[in-house]
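Visitor: Hey, got a few minutes to walk me through this one? I'd like to poke at the fold, then the contacts.
Guide: Sure, let's bring it up.

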Amino acid sequence: MRLTSPFIPYFKRTQSQLGVSDSIFYHVSADMEDTWANGIYHNSRYGIFHLHTENGKLKIELTSKGLKTLKFRKMTVKSEKEAVMKVREWVKKTQLEVR
């Protein structure tokens with residue numbers, strides 16, 4: 001499923017069921033798709049975020065990231081909307097601080 005999110009040049013949301021729980025993955029990039037070297041997602045300033053339930057709490061964590069991107073600490077969120085806001089903040093900081 002391809003969605004867009006304001007302020008994120010590239011945003012893709014996928015859902016997976018691993019075992020009994022659902023997981024949501026966000027594939028984001030701080031760069032526009034047409035600027036990726038050789039048109040390859042992994043050549044951009046990308047991040048793959050994993051939203052899942054852990055011990056009854058909703059957690060978001062960065063599972064993979066590209067070069068020239070910032071760290072992201074695993075955190076508890078209250079909703080998917082809050083998780084997307086945290087991802088959006090990470091993209092914005094990456095765009096401003098890392099060139």
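Visitor: What percentage of the 99 residues count as buried?
Guide: The figure is 39% of the protein chain's 99 residues. Keep in mind that this is a predicted model.

Visitor: Noted. How many helices and strands are there?
Guide: One helix and five strands. Reading from the N terminus, the order is β-β-β-β-β-α.

Visitor: And what radius of gyration does the chain have?
Guide: It's 13 Å, which agrees with the value near 13 Å for a compact globule of 99 residues. The C-alpha trace spans about 40 × 25 × 20 Å along its principal axes.

Visitor: What about the surface, how much of it belongs to carbon and sulfur?
Guide: Carbon and sulfur atoms own 52% of an accessible surface of about 6,400 Å².

Visitor: Let's go inside. Which residues have the most contacts within the largest nonpolar core?
Guide: Tyr 26, Val 28, Phe 49, Leu 51, Ile 60, Val 87 and Trp 90, in a core of 17 residues. The elements giving two or more residues to this core are strand 2 (21-29), strand 3 (46-54), strand 4 (57-65) and helix 1 (80-97).

Visitor: Which element gives the most?
Guide: Helix 1, with five residues. There's also a second, separate core of six residues, including Tyr 10, Phe 25, Tyr 41 and Tyr 46.

Visitor: Back to Leu 51 for a sec. What does Leu 51 touch, leaving out residues up to four places away?
Guide: Among its contacts are Ile 24, Tyr 26, Leu 58, Ile 60, Val 77 and Ala 83. Charged residues show up too: Asp 22, Lys 59 and Glu 80 are also on the list.

Visitor: Glu 80, huh. Which residue does Glu 80 form a salt bridge with?
Guide: Arg 13, and the closest N and O atoms are 2.7 Å apart. Glu 80 lies in helix 1 and Arg 13 in strand 1 (residues 10-18), so the salt bridge ties together parts that are 67 residues apart in sequence.

Visitor: Is Arg 13 buried or exposed?
Guide: Arg 13 counts as buried because its relative accessibility is 12%, under the 20% cut-off. Glu 80 is partly exposed, with a relative accessible area of 28%.

Visitor: How many salt bridges does the count come to?
Guide: Three. Besides the Glu 80 pair, Asp 31 and Arg 45 meet through their side chains, 2.6 Å from N to O. Both of these residues sit in the loop between strand 2 and strand 3, 14 residues apart.

Visitor: Are those two buried or exposed?
Guide: Both count as buried: Asp 31 has 15% relative accessibility and Arg 45 has 14%.

Visitor: And what pair makes the remaining salt bridge?
Guide: Glu 54 and Lys 74, at 2.8 Å from N to O. Glu 54 is in strand 3 and Lys 74 in the loop between strand 4 and strand 5, with their positions 20 residues apart in sequence. Glu 54 is partly exposed at 28% relative accessible area, and Lys 74 is partly exposed at 39%.

Visitor: Switching to the backbone. Where is Asn 38, and what is its phi?
Guide: Asn 38 is in the loop between strand 2 and strand 3. Its phi is positive, about 60°, although Asn 38 is not a glycine.

Visitor: Why point that out?
Guide: Because most residues other than glycine have a negative phi. Lys 68 has a positive value as well, near 60°, and is found in the loop between strand 4 and strand 5 (75-77).

Visitor: Are Asn 38 and Lys 68 buried or exposed?
Guide: Exposed: Asn 38 has a relative accessible area of 72%, and Lys 68 has 55%.

Visitor: Last one, the histidine. Where is His 27 found?
Guide: In strand 2. His 27 counts as buried at 19% relative accessibility, which is under the 20% cut-off.

Visitor: What does His 27 touch, again skipping residues up to four places away?
Guide: Tyr 10, Phe 11, Lys 12, Thr 14, Tyr 41, Gly 47 and Ile 48. Two of those names, Tyr 10 and Tyr 41, came up earlier in the second core.

Conventions: Residues numbered from 1 in each chain as written. Predicted model: local features only at pLDDT ≥ 70, side-chain atom pairs only at ≥ 80, totals over all residues. Heavy atoms only, no water. Core = buried A, V, L, I, M, F, W, Y, C linked by side-chain atoms within 4.5 Å. Buried < 20%, exposed > 50% of the residue type's maximum accessible area, 1.4 Å probe, protein only. Helix = DSSP H or I, 4+ residues; strand = E, 2+ residues; numbered from the N terminus. Contact = heavy atoms within 4.5 Å. Salt bridge = Lys/Arg side-chain N within 4 Å of Asp/Glu carboxyl O. Rg over C-alpha atoms; globule rule 2.2 N^0.38 Å. Areas by Shrake-Rupley, 256 points an atom, 1.4 Å probe, with all protein chains shown as cover.
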